[in-house]
Amino acid sequence: MEVRQLKTELPRIIAVGPNMIEQIVPIIQDLETSVPVTIVHDNITWGIAGKKIHELLEDATFEPHNIEVTGPFLAEAERVAHVAEETGSKFIIGVGGGSVIDTAKYGGIISKIPFISVPTAASHDGIASMRASLIVEGKKKSFEARPPIAVIADLTVISKAPFRFLAAGSGDTIANKTAVLDWELAHRVKGERIGEYPKVLSEMTAEMIIRDANLIARGDIVAAKIVTKALITSSMAMCIAGSSRPASGSEHLFSHALDMILDKPALHGEQCGIGTIIMMYLHGGNWEQIRDTLKTIGAPVTAKEADIPEEAIIEALLMAHTIRPERYTILGSNGLTYSAAVNAAETTGVIS
Ligand SMILES: [Zn+2]
């Protein structure tokens, strides 16, 4: 058996629980005391948690600086990096959903300042992963980043976010099912290296979503805990693999294609959930189980429910294999034929 070198970077602190924001001072003091920090938020997350964090840190003799960002733009990440450098910040704290987290995370990469993730919603696994998705010249691009040094997930805050986010987070996690099948396929067909630990971890989190679908549907603090932990565990699987492979396969390529096609895409996790149904069908697996789980949770399972035009579903299926050609999946190197794409979308009921 070949033994390879493995360099894995993981968050140093993962704090998940009700009212966890109240604990932000001792958590950050575990890392450093009384230092300047930059708090990144948007106009909504300031009121949800940003202001509170600012006050707590200020009272504890930290020196917080705020920056409000307008969206997940590379230019905004550069602005975050600039502010953090100017103020001599030792940490960049991202307070928000996917957009704020990714902007703050990448600001941390540009400035080489450690990033602390404070998600206000559990909608995708970027909350603890080492990738950031940002818009450059009008198009969403996925960037290599580093995992946060700490993740502080306040379940009280997360459970109060619109339920749609939690349902989307479930979709992003159930995507691990087809991501792992794609990884195994690439291992068999292309000889791609596969990691047993991240593979098992990734599968396990998707299984937990399937098992606990009824609990998640309640949308309460228990639901928030299940989905948040699943997303963080998915992120860990990616950190261990040193790649997004364990949690991102053909279903993610499909979602990225939709992001490029649509002016107003659905949520990342919603698109990935629908993609998982179709890709599981293409794998010859139990796609009905994926659909039924998402249905139980209350996530969209059809183009109509996700407010996506049916033509866009077909277009994305035909385009998906071109997005990241080095990532071999069930879509193969040449992609689907038109009739196969229509058949897969119709058979799974995604289009009528
Ligand atoms: Zn994802």
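1. Isoleucine 39 touches Gly50, Ile53, His54, Pro64, His65, Asn66, Ile93 and Val95, once residues up to four places away in sequence are set aside. This isoleucine is found in strand β2, which runs over residues 36-41, and the model in which these contacts appear is a predicted one. Because isoleucine 39 has 27 C-beta neighbours inside 10 Å, it counts as buried. Alanine 145, by contrast, is not among the contacts listed for isoleucine 39: the two residues are 106 residues apart in sequence and 19 Å apart in space, C-alpha to C-alpha.

2. As to the chain as a whole, it has 15 helices and eight strands. A compact globule of 352 residues would have a radius of gyration near 20 Å, and the chain, at 20 Å, agrees with that expectation. Taken along the principal axes, the box filled by the C-alpha atoms is roughly 65 × 45 × 40 Å. Buried residues make up 55% of the 352 residues, and, of the contacts with a separation of 6 or more, 77% are accounted for by residues 24 or more positions apart.

3. Glutamate 251 deserves a separate point. Its place is in helix α11, residues 250-261, and glutamate 251 counts as buried because 33 C-beta neighbours lie inside 10 Å, where 20 or more are required. Not counting residues up to four places away in sequence, glutamate 251 touches Ala175, Thr178, Ala179, Cys272, Gly275, Thr276 and Met279. The C-alpha atoms of glutamate 251 and isoleucine 216, which are 35 residues apart along the chain, are separated by 22 Å.

4. Tryptophan 287 has its place in helix α13, which covers residues 287-297. With 23 C-beta neighbours inside 10 Å, tryptophan 287 also counts as buried, so the cut-off of 20 or more is met here. Its contacts, leaving aside neighbours within four places in sequence, are with Ile277, Met280, Tyr281 and Thr348. Threonine 276 is 11 residues away from tryptophan 287 along the chain, and the C-alpha atoms of the two are separated by 7.8 Å.

5. Two helix pairs are worth describing in turn, and the first is α14 with α15. Helix α14 (residues 310-319) and helix α15 (residues 338-347) pack with their axes 9 Å apart and at an angle of about 125°, and the two are therefore oblique to each other. The crossing in which α14 passes α15 is right-handed. On the α14 side the contact involves Ile313, Ile314, Leu317 and Leu318, and these meet Tyr338, Ala341, Val342, Ala344 and Ala345 in α15. By class, the residues of this contact divide into nine nonpolar, no polar and no charged.

6. The second pair is formed by helix α6 (residues 163-174) and helix α10 (residues 221-241), whose axes come within 10 Å and cross at roughly 35°. Here the crossing, with α6 passing α10, is left-handed. Leu166, Gly169, Ser170, Asp172 and Thr173 in α6 meet Ala223, Ala224, Val227, Ala230, Leu231 and Ser234 in α10. The class composition of this contact is six nonpolar, four polar and one charged residues, whereas the contact of α14 with α15 has no polar and no charged residues.

7. Asparagine 19 should be checked for its backbone: its phi is near 50°, a positive value in a residue other than glycine. The place of asparagine 19 is in the loop between β1 (13-17) and α1 (24-29), and asparagine 19 is exposed because it has 10 other C-beta atoms within 10 Å, where 12 or fewer is the limit. Leaving aside neighbours within four places in sequence, asparagine 19 is in contact with Asp154 and Thr156. Alanine 153 lies 8.8 Å from asparagine 19, C-alpha to C-alpha, although the two are 134 residues apart in sequence.

8. Threonine 61 calls for a similar remark, since its phi is positive, at about 65°, although it is not a glycine. This threonine has its place in the loop between α2 (45-59) and β3 (63-68). With 10 C-beta neighbours inside 10 Å, threonine 61 counts as exposed.

Technical notes. Residues are numbered from 1 along each chain as its sequence is written. This is a predicted model: local features need pLDDT of at least 70, side-chain atom pairs count only at pLDDT 80 or more; totals for chains, interfaces and linings use all residues. Helices (H or I, at least four residues) and strands (E, at least two) are DSSP runs, numbered from the N terminus. The radius of gyration is taken over C-alpha atoms; the globule rule is 2.2 Å times the number of residues to the power 0.38. Two residues are in contact if their C-beta atoms, placed from the backbone, lie within 7 Å. Axes are lines fitted to C-alpha atoms, for helices over the stretch in contact, and angles run from 0 to 180 degrees between N-to-C directions. Angles under 35 degrees count as roughly parallel, over 145 as roughly antiparallel, 65 to 115 as roughly perpendicular and the rest as oblique. A crossing is left-handed if the near helix is turned anticlockwise from the far one by less than a right angle, and right-handed if clockwise. Ala, Val, Leu, Ile, Met, Phe, Trp, Tyr, Cys and Pro count as nonpolar, Asp, Glu, Lys and Arg as charged, and the others, Gly among them, as polar.
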